[in-house]
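Work through the exercises below with the structure open beside you. Try each task before you read its solution.

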Amino acid sequence: MSQPAMINRYRWYELVAIYCGIFVFLAFILAPFVEGFLVSLKPLGLLFSSPYKFWPQNGSFAAYKSMWVSVPGFARYIFNSFFISSIVTAIVLVLVVPAAYAFARFKFRGSGALLAAFLAVNMFSGAVLLIPLFRLMRSLGVLNTYFAMIVPGVAFLIPSAIWLLRTYMMRIPRELDEAAFVDGASHFYTLRRVILPIAMPGITVVAITTFIGSYAQQFIFALTFNSKTEYMPLPVGLFAYFGRQEVIWNELMAASFVGIAPAVILIFLMQRYLVAGLTAGAVKQ
Amino acid sequence: MSVQRSTVIFAWILLLPALLYVTVIVAYPLVDTFILSFTDASLKKTTNWVGWANYDKIFNETFAEVIFRTFVWTFFSVSIKMIIGVFGATMLNAAVPGRALFRVLTMPPWIVPMAIGIFMWGWMYNGQFGMISGMLQNWGIVDGPVAFLARGETAFWATIITDVWIGVPLVTLYMLAAMQAIPQDLYEAAWTDGAGRFYRFRRITLPLLVPSLITMSMLSLIATFNSFDIIWILTQGGPNGETTTMIIDTYRTAIGSKKYGEGAARAVLICIFLSIFCLAYFRVTSRLASGESR
């Protein structure tokens, strides 16, 4: 048992090299956040002065207060983002839980091809299908409503959700279904009373990843299918603000950080599940 | 026999809602794009069949440039993502104190609303007051301010770097998972035989990562080819169209100028390229799979 410990023992210069490598890597990943945060603390005058100064002098959290006035719809944008993501997640789960169970358990003619077809949806981004989707939304009469962002959003989150949940459900022993079936339980009863309770952790992971995916990717549909300020999700609401001639950068950054906060808190709480969910599909069994 | 049939029927009932949804929201629009590409659809009430006219119109010099640019952009973005991703995964795979925290710190670009990360890059690229230009001036590397997004060449690379930044966390965590799936006894056997750390990495880790590397580069290729938000927020395809990729070009034509027919023809071309990538992917993975079973 001491062998793995021995093999992983680093010499001091190896340790230094590894930490340097990690530092460089994380510096690239985190630089925009660090810079964004410092910008949110700088007064506007300092922001627009040369030469460039990295650290804020007489920095303050003033922008975090004034932004609520400058971005009037801000609270509404955050609510919209949450609302849209929640509804999207609920619809995805309703559609995906039965489908994933079917793919995990039943082999029938064409099931492999059908699964491949579902996964192929991932190939197309919303941008490619934007024109017909726009016409479809228009003829459904949902342009400029929440549905214009929810309906297409769901479709592009279905494939990975099916894949994740199917992987999870395949690990549930088949004997459980068979025992229930032998006892005279119907298929629906087995799914509802035997499989669903056991699959709950997997369903939770799928719900979290779907929610985060939806929260992170609200842009193109919201930009194209909705022009009403009161329905805009956070990214598009801030984009309208970003596009102005005179951008009040410290407030924009402050608003971004407040908008990011929910997602970051979720990561820290759920990171174990996230990594588990991601790796479930990653490694061949 | 009837049990078998009722099972199949049950399976189809379970699949039906998702199937219907994807058919209406993805498959039907796909077919519609194809049909639209042969019409002059626009905001007008009437739509006429125009045959290949849209395709004739787009095959000109600027469009060839757009296709070429898209491929160059995608190639560099995917390659850099893979290199940084494997580097990051190797570092995070080292058994050093603090690695659990480092893994969490890798995730933000992937999990935070994409548009917001891009706003931050937008500021960093600002020539007058942004961090990159400012630091370069303070260190005396450049003389005056560099407005990265205002000049064609720098804008091209700036959008690539931002795309890399958004894609790296997923690549890193995926490659990390693949590294951890490599049986530990392989390393121990090599270690017992006196193989050094670099030798083990080169001869065990890298070869065993090849299947995951191929999978991830293909997934990344498809996502990058479709990349829209980054370029749209940073440059909207400018300056002078130097960051206009196929997706941006399609969006401008279809949504900006409301030329649905011409936009659809461009979208069809994108779909054709994506299908070629997918076919190549299936060919490669099935060959890998059959190689494994040998």
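Two residues are in contact if their C-beta atoms, placed from the backbone, lie within 7 Å. The model is predicted.

**Exercise 1. Count the residues that chains A and B put into their contact, and sort the chain A side by class.**

Step 1. Take the count for each chain. Chain A gives 78 residues to the contact and chain B gives 77.
Step 2. Sort the side of chain A that touches chain B. This side has 64 nonpolar, 13 polar and 1 charged residues.

**Exercise 2. Describe the secondary structure and overall dimensions of each chain.**

Step 1. List the elements. Chain A has 13 helices and 0 strands. Chain B also comes to 13 helices and 0 strands.
Step 2. Set the radius of gyration against the globule rule. For 285 residues, a compact globule would be near 19 Å, but chain A has 24 Å. For 294 residues, the rule again gives a value near 19 Å, but chain B has 24 Å.
Step 3. Read the boxes along the principal axes. The C-alpha atoms of chain A fill roughly 75 × 65 × 30 Å. Those of chain B fill roughly 80 × 75 × 30 Å.

**Exercise 3. Find what share of each chain is buried, and what share of its contacts spans at least 24 residues.**

Step 1. Apply the cut-off: a buried residue has 20 or more other C-beta atoms within 10 Å of its own.
Step 2. Read the buried share. In chain A, 43% of the 285 residues count as buried. In chain B, buried residues make up 43% of the 294 residues.
Step 3. Turn to contacts between residues at least 6 apart in sequence. In chain A, 78% of them join residues at least 24 apart. In chain B, the share is 67%.

**Exercise 4. Characterise the packing of helices α5 and α8 of chain A.**

Step 1. Recall the two quantities: packed helices are described by the angle between their axes and the distance between the axes.
Step 2. Locate the helices and read both values. The axes of α5 (residues 74-105) and α8 (residues 147-170) of chain A come within 7 Å and cross at roughly 40°.
Step 3. Classify the angle. At this value, α5(A) is oblique to α8(A).
Step 4. Add the hand and the chemistry. α5(A) passes α8(A) in a right-handed crossing. Their contact has 23 nonpolar, 1 polar and 1 charged residues.

**Exercise 5. Follow chain A from helix α7 into the loop before α8.**

Step 1. Find the buried residues of α7 (residues 130-140) of chain A. They are A:Leu130, A:Ile131, A:Pro132, A:Leu133, A:Phe134, A:Leu136 and A:Met137.
Step 2. Step past the helix. A:Gly141 follows α7(A) and has a positive phi, near 75°.
Step 3. Go on to A:Asn144, in the loop between α7 and α8 of chain A. Phi of A:Asn144 is positive too, near 60°, and this residue is not a glycine.
Step 4. Put that in context: most residues other than glycine have a negative phi.
Step 5. Judge the exposure. A:Asn144 is partly exposed because 15 other C-beta atoms lie within 10 Å.

**Exercise 6. Which loop holds B:Gln236, and how is its backbone set?**

Step 1. Place the residue. B:Gln236 sits in the loop between α11 (229-234) and α12 (246-256) of chain B.
Step 2. Check phi. B:Gln236 has a positive value of about 55°, although it is not a glycine.
Step 3. Count neighbours. B:Gln236 has 15 C-beta neighbours inside 10 Å, so it counts as partly exposed.

Terms used
Residues are numbered from 1 along each chain as its sequence is written. Chains are lettered from A and ligands numbered from 1 in the order in which they are written. This is a predicted model: local features need pLDDT of at least 70, side-chain atom pairs count only at pLDDT 80 or more; totals for chains, interfaces and linings use all residues. Helices (H or I, at least four residues) and strands (E, at least two) are DSSP runs, numbered from the N terminus. The radius of gyration is taken over C-alpha atoms; the globule rule is 2.2 Å times the number of residues to the power 0.38. A residue is buried if 20 or more other C-beta atoms lie within 10 Å of its own, exposed if 12 or fewer, and partly exposed in between; C-beta atoms are placed from the backbone. Axes are lines fitted to C-alpha atoms, for helices over the stretch in contact, and angles run from 0 to 180 degrees between N-to-C directions. Angles under 35 degrees count as roughly parallel, over 145 as roughly antiparallel, 65 to 115 as roughly perpendicular and the rest as oblique. A crossing is left-handed if the near helix is turned anticlockwise from the far one by less than a right angle, and right-handed if clockwise. Ala, Val, Leu, Ile, Met, Phe, Trp, Tyr, Cys and Pro count as nonpolar, Asp, Glu, Lys and Arg as charged, and the others, Gly among them, as polar.
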